[in-house]
Amino acid sequence: MQLYLPIAEIPVNIFVIFAMGGAVGFLSGLFGIGGGFLLTPLLIFSGIPPAVSVATVTTQVVASSASAVVTYWRRKAIDLKLASILLAGGVFGSLIGVILFDVLQSVGQLDLVISLSYVTFLGAIGGLMLVESVRAIRRRKSGAAPSARKPGQHNWIHGLPLKVRFRQSKLYVSVIPVVALGAIIGFLGTILGIGGGFMMVPALIYLLRVPTNIVIGTSLFQILFTMAAATIFHAMGTKTVDIVLAMTLMIGGVIGAQFGARMGQNLRGDQLRLLLALLVLGVGLRFAVDLLLIPDDLYSIAIRKGAGV
Amino acid sequence: MIRFLLASLFVLTGLVAGTAQEEDHSKDLVTALSSDMVSIQSNFTGTEIVIFGQASHIADSSGEADDFQLAIVVEGPPQDITTRRKGRFLGVWVNREAERFQNVPSFYAVASTADIGQIAHRNVLDEYSIGLNHINLAVSGVSNVALSDRDDFRRAFVRLREETGLYSERETSIEFLTDTMFRTKIPLPANIPVGDYTVKSYLFNQGELVSETQQILAVAKIGFEQVTFELAQNYPLVYGVLAVILAIFTGWLAGVIFKKD
């Protein structure tokens, strides 16, 4: 069934979009990720204008993280103080992101920056996850006990000034890396149309040493509100949030996520991480190929002013 | 069908008026649209408009009917459009040169009775923007495109617009129902921009313009599509907040419905 999108101004097959939302929702439930980094490229490759894809996925991420935040809220697994400081950085980063988004669009380099960022970040994170998960699987097979994290372990980040105590996370760290982390994720999330959970979670664990039981809830809470801010900024700045597209993706997504979460419980953690690593690398590779191969069409057009802008 | 009848009636009235005032050349050509409004709703997947007309001059003239040629041009509201060309930079394909075309039609369709080149001299075709090769594509002063490449950009621009169905040239697509009554169809694809379109019909006699008519066709979103679009354009903050509330509510609802035991 064809449905006309009021903001994208094109008709789409609503079942295809619904299925995309469902498939990505399934994966996000399976791996415990937001799935924005899969959904945005999928929409772009299926012919939705990149600007609409990015802005609309930020709205979809709000829905998918809201659904998960409810669960973590009940379990009291959210460090509100840490999340608020991350959020302050996130909103600032998101604002800068929307401004840069507009500038890049007008000089015609938005697609390039999106592609390059995907290649860089997905390549790096996917590579790290791949190495880590393969090691974990080998360790498990050889029967060696995983090395436990030493509680007193410190790195250079813990030497920075402006320290604040985060009671729930049992942390005493400077606010500088917290705000910076929030800002970077908020910035990238706004430009790339991703929640950034797959970057936020490892950063919180390895850089700030937040306990694992607090990490996911806190990260989700921060993503929820940063992406809410990004949606509003996109609505006001680029005016490319398509509410009909977002709603279709959301409904598909939340349903898919339930099935994914159920299936995820039957898989081992290291196997899940290996699969996720391959998925992340695959998407990164797809963008790399597009950048390196000779394009089918060297020319492209973009409407700058007048009807339909 | 009712529209068709009404349009035919209009054409016939025009015919009567035309014969009554032999001297008034503007009445030699009468045209009507099957509809003067195209509404875009959630089920819009493109449509077509039918243009009817009567060229009484053909019957009145002593000359051969073959001397007469018709061209009908449908143009959408103007846009500024940037055309870019990719080039290799550090091994990666990136947009390099850009050419900005100003005030070009967002939609352009031409229908004619013969090959565009045979209708009139190219200067005349250029003047009235008849034919894809004769659209006025004005470029902005600032451009990093070499003069020798400008034609490539023009051609690429027209080709890309043709691929999206927004530009089209349909030679010999005007059919005559009688000696003087004609009809043609112009497809409007699903991605047409909203706004006021002009439908201009030109009647040529041996390459000379003898009569022309102009009509307005409105393309507009209506109902939910219109409300959503206008909200997003005029009250973006409200629209953004609404989108967020909707998203949080959907997510929360799903969390409640699928609550784990």
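Select Arg209(A) to begin, and you will find this residue in the loop between helix H7 (197–206) and H8 of chain A. The model in front of you is predicted, and every stop on this tour should be read with that in mind. Arg209(A) has a positive phi of about 60° although it is not a glycine. Most residues other than glycine have a negative phi. Is Arg209(A) buried or exposed? It falls between the two and counts as partly exposed, because it has 18 C-beta neighbours inside 10 Å, while a residue needs 20 or more to be called buried and 12 or fewer to be called exposed.

**The nonpolar core**

Stay with chain A for a moment and select helix H8 (residues 212–236), which gives 15 residues, the largest share, to the largest nonpolar core. That core has 148 residues, and those with the most contacts inside it are Val62(A), Leu224(A), Ala246(A), Ile72(B) and Ala247(B). Now colour domain 1 (2–220) and domain 2 (223–261) of chain B separately: the core lies between these two domains, because both of them give residues to it. In soluble globular proteins, nonpolar side chains tend to be buried together.

Select Ala246(A) next and show what surrounds it. Leaving aside residues up to four places away in sequence, Ala246(A) touches Thr56(A), Thr59(A), Gln60(A) and Val241(A), and it also touches Ala243(B) and Ala247(B).

**Where the two chains meet**

Widen the selection to the contact between the chains, where 55 residues of chain B are in contact with 48 residues of chain A. Which elements of chain B supply at least two residues each to the side that touches chain A? They are strand E5 (78–89), strand E6 (92–105), helix H5 (150–163), helix H6 (224–234) and helix H7 (236–257). H7(B) is the one to highlight, since 15 residues, the largest share of that side, come from it. If you colour the side of chain B that touches chain A by residue type, you will see 29 nonpolar, 19 polar and 7 charged residues.

**Chain B as a whole**

Hide chain A and look at chain B alone, which has 7 helices and 13 strands. Of the 261 residues in chain B, 36% are buried. Among the contacts in chain B with a separation of 6 or more, 70% are between residues 24 or more positions apart.

**The sheet of four strands**

Select strands E1, E3, E11 and E10 of chain B, which form an open sheet in that order with antiparallel pairing. At the edges are E1 and strand E10 (175–176), each of which pairs on one side only. Strand E1 (residues 29–33) is joined to strand E3 (residues 47–55) by 5 bridges, and you can check two positions along this pair: Val30(B) has Gln54(B) as its bridge partner, and Leu33(B) stands opposite Ile51(B). E3(B) is in turn joined to strand E11 (residues 181–188) by 8 bridges, again running antiparallel, and here Gly53(B) is partnered by Phe182(B).

**The sheet of six strands**

Move on to the open sheet of 6 strands in chain B, whose order is E2-E13-E12-E4-E7-E9 and whose pairing is mixed. Strand E2 (37–40) and E9 stand at its edges with a single partner strand each, so one side of each has no neighbour in the sheet. From one strand to the next, the twist averages 15°. Inside this sheet, select strand E12 (residues 195–205) and strand E13 (residues 208–221), which pair in the antiparallel sense over 11 bridges; Tyr202(B) has its bridge partner, Glu212(B), in E13(B).

**Two loops to finish**

Select Gly165(B), found in the loop between H5 and strand E9 (167–170) of chain B. Gly165(B) is partly exposed, with 16 other C-beta atoms within 10 Å. How far apart in space are Gly165(B) and Ala109(B)? Their C-alpha atoms are 9.3 Å apart, although the two residues are 56 residues apart in sequence.

The last selection is Ser129(B), in the loop between helix H4 (122–128) and strand E8 (138–139) of chain B. Ser129(B) has a positive phi of about 55° although it is not a glycine, and with 17 C-beta neighbours inside 10 Å it counts as partly exposed.

Definitions and conventions:
Residues numbered from 1 in each chain as written. Chains lettered and ligands numbered in written order. Predicted model: local features only at pLDDT ≥ 70, side-chain atom pairs only at ≥ 80, totals over all residues. Contact = placed C-beta atoms within 7 Å. Nonpolar A, V, L, I, M, F, W, Y, C, P; charged D, E, K, R; others polar. Pairing = 2+ DSSP bridges. Core = buried A, V, L, I, M, F, W, Y, C linked by C-beta atoms within 7 Å. Domains from an automatic or database assignment. Axes fitted to C-alpha atoms, helices over the stretch in contact; angles between N-to-C directions.
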